[in-house]
Amino acid sequence: MIHARGLTRSFKIKGGAVEAVRGIDIDVEAGQLVAFLGPNGAGKSTSLRMLTSLLPPTSGTATVAGHDIVKNPGAVRARIGYIGQKNGAGENFRVRDELVTQGRCYGLTRTEARARADEVLAQLDLEALAVRKPGTLSGGQRRRLDIALGLVHRPGLLFLDEPSTGLDPQSRANIWEHILRLRADHGTTLFLTTHYLEEADSMAERVIIIDHGRIIADGTAAQLKSDLAGDRITVALATESDTARAAAIAERMTGSAPTVTGDVVQLRVPHAGAALPEYLRALESAGTKATAAETSRPTLDDVFLALTGRSLRESETTNPTSADPTDPAKDKSTTTPTPV
Ligand SMILES: Nc1ncnc2c1ncn2[C@@H]1O[C@H](COP(=O)(O)OP(=O)(O)OP(=O)(O)O)[C@@H](O)[C@H]1O
């Protein structure tokens, strides 16, 4: 469905150029659900705009839905749906009329366009809103209308740029329900960007991570987490000298320096279940007792941290364009170990 080789895109700016995408290779087979992750400015939207033929690449090639994005952009566009970050519907027409107009733009007759509008209204649970104007819809309803607009011409491949951003948790869950239903009922291939790591982890079967315009990881979330991050052990100590000793023992045990924050030591191990008792025993024989301990499974943020030394969450929390107070990426809760 998607085969890209060495795709690059740079933008001329005053006094130089921005290399937004620096040579990406992507292969996506039919029916896959791929989450494309990366911090702000990593090159996600630029990649999506190239793959959807909206932006010509500076170099490299790609075939999408069987057609070359540069040589045959019209054929690509006829076979894909693209739901960008901005709303696709205008303000003046009613919801159903917007969908009929979209169908007409894709060459459907008036009768076909009306029938198709009714189908997508039902598919996205929008029937009750058919006579409303888009401007009167809630954020979640509007996002569903955007998806409906992208589906009018029955594309086999759908690109979604941040489909759930800015929505409250309930609307986000609802959007995901519809996305997953699309795939289950129609086998639609889905390629989407998101900065909600938990969503990518639980919903997508494949995760591609991009950073500074380059793909740095590609696999299932489970694979990436076990290969790149490992489990985490967190222990709390009572004194500064205990903390220093616990950090030294952790480094001896794992071969790498642990993270020390105040009196809390965090270390990475392949299997925390086996390593925690061993670590606690080692502490005790050194006369150091942990006051609390906890193990946790790795997250996609841990994968990003292992690859780049930076937290994806932190780069997202500083995103000046995201004003979503419900954004789970902004939940920077620290781990509180349970007493031992
Ligand atoms: N038209 C443009 N002119 C100049 N620079 C651009 C243009 N479009 C994008 N860029 C730059 O290219 C880089 C990649 O931008 P892009 O929008 O692809 O990132 P992104 O990963 O989608 O980010 P976000 O998560 O914030 O949407 C950024 O440095 C951005 O400022």
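Visitor: Let's start with the ligand. Which element gives the largest share of the shell around the ligand?

Guide: First, how to read a shell: a residue is near a molecule if its C-beta atom, placed from the backbone, lies within 6 Å of it. Elements are DSSP runs numbered from the N terminus, with helices being H or I runs of at least four residues and strands E runs of at least two. Here α1 gives the largest share, 3 residues. One caution: this is a predicted model, where local features need pLDDT of at least 70 and side-chain atom pairs count only at pLDDT 80 or more, while totals for chains, interfaces and linings use all residues. Numbering runs from 1 along each chain as its sequence is written.

Visitor: Which residues are around the ligand?

Guide: F11, I13, V18, A20, G38, N40, G41, A42, G43, K44, S45 and T46. Two or more residues of that shell come from each of β1 (2-13), β2 (16-28) and α1 (44-51).

Visitor: And what is the shell around the ligand like by class?

Guide: The classes work like this: Ala, Val, Leu, Ile, Met, Phe, Trp, Tyr, Cys and Pro are nonpolar, Asp, Glu, Lys and Arg are charged, and the others, Gly among them, are polar. In this shell that gives 5 nonpolar, 6 polar and 1 charged residues.

Visitor: Let's zoom out. How is the protein divided into domains?

Guide: Domain bounds come from an automatic or database domain assignment. For this protein they give domain 1 (2-224) and domain 2 (231-297), with C-alpha centres 44 Å apart. The whole C-alpha trace spans about 80 × 45 × 40 Å along its principal axes, and the secondary structure comes to 12 helices and 15 strands.

Visitor: How do I read burial, and what share of the residues is buried?

Guide: Count C-beta atoms, placed from the backbone: a residue with 20 or more others within 10 Å of its own is buried, one with 12 or fewer is exposed, and in between it is partly exposed. Of the 340 residues in the protein, 41% are buried.

Visitor: Try a single residue. Is E177 buried or exposed?

Guide: E177 is exposed, because just 11 other C-beta atoms lie within 10 Å. You'll find E177 in helix α6 (residues 169-186).

Visitor: And S53, buried or exposed?

Guide: S53 is buried, since 22 other C-beta atoms lie within 10 Å. S53 sits in the loop between α1 and β4 (59-64). For contacts, the C-beta atoms of two residues, placed from the backbone, must lie within 7 Å. Leaving aside neighbours within four places in sequence, S53 is in contact with I69, P73, V76 and R77. Check the backbone too: S53 has a positive phi of about 70° although it is not a glycine.

Visitor: Where is E162, with its positive phi of about 50°?

Guide: E162, not a glycine either, is in the loop between β7 (157-161) and α6. With 19 C-beta neighbours inside 10 Å, E162 counts as partly exposed.

Visitor: Now helices. Why do the buried residues of α4 line one face of the helix?

Guide: The general idea is that an α-helix has 3.6 residues a turn, so residues three or four places apart point the same way. In α4 (110-123), the buried residues are A113, R116, A117, V120 and L121. Down the axis of α4 they fall within an arc of 140°, so they line one face; that arc is taken over the directions from the helix axis to the C-beta atoms. The face turned away carries the exposed T111 and A122.

Visitor: What span should α4 have?

Guide: The expected span of a helix is 1.5 Å times one less than its number of residues. The 14 residues of α4 should therefore span 20 Å, and the end C-alpha atoms are 20 Å apart, which agrees.

Visitor: What covers the buried residues of α4?

Guide: The cover includes α3 and α5. Turn to α3 (residues 95-105) and you'll see V95, R96, E98, L99, V100, Q102 and G103 buried, packing against α4 and α5 (139-151). Look just after each helix as well: G107 follows α3 with a positive phi of about 90°, and D125 follows α4 with a positive phi near 55°.
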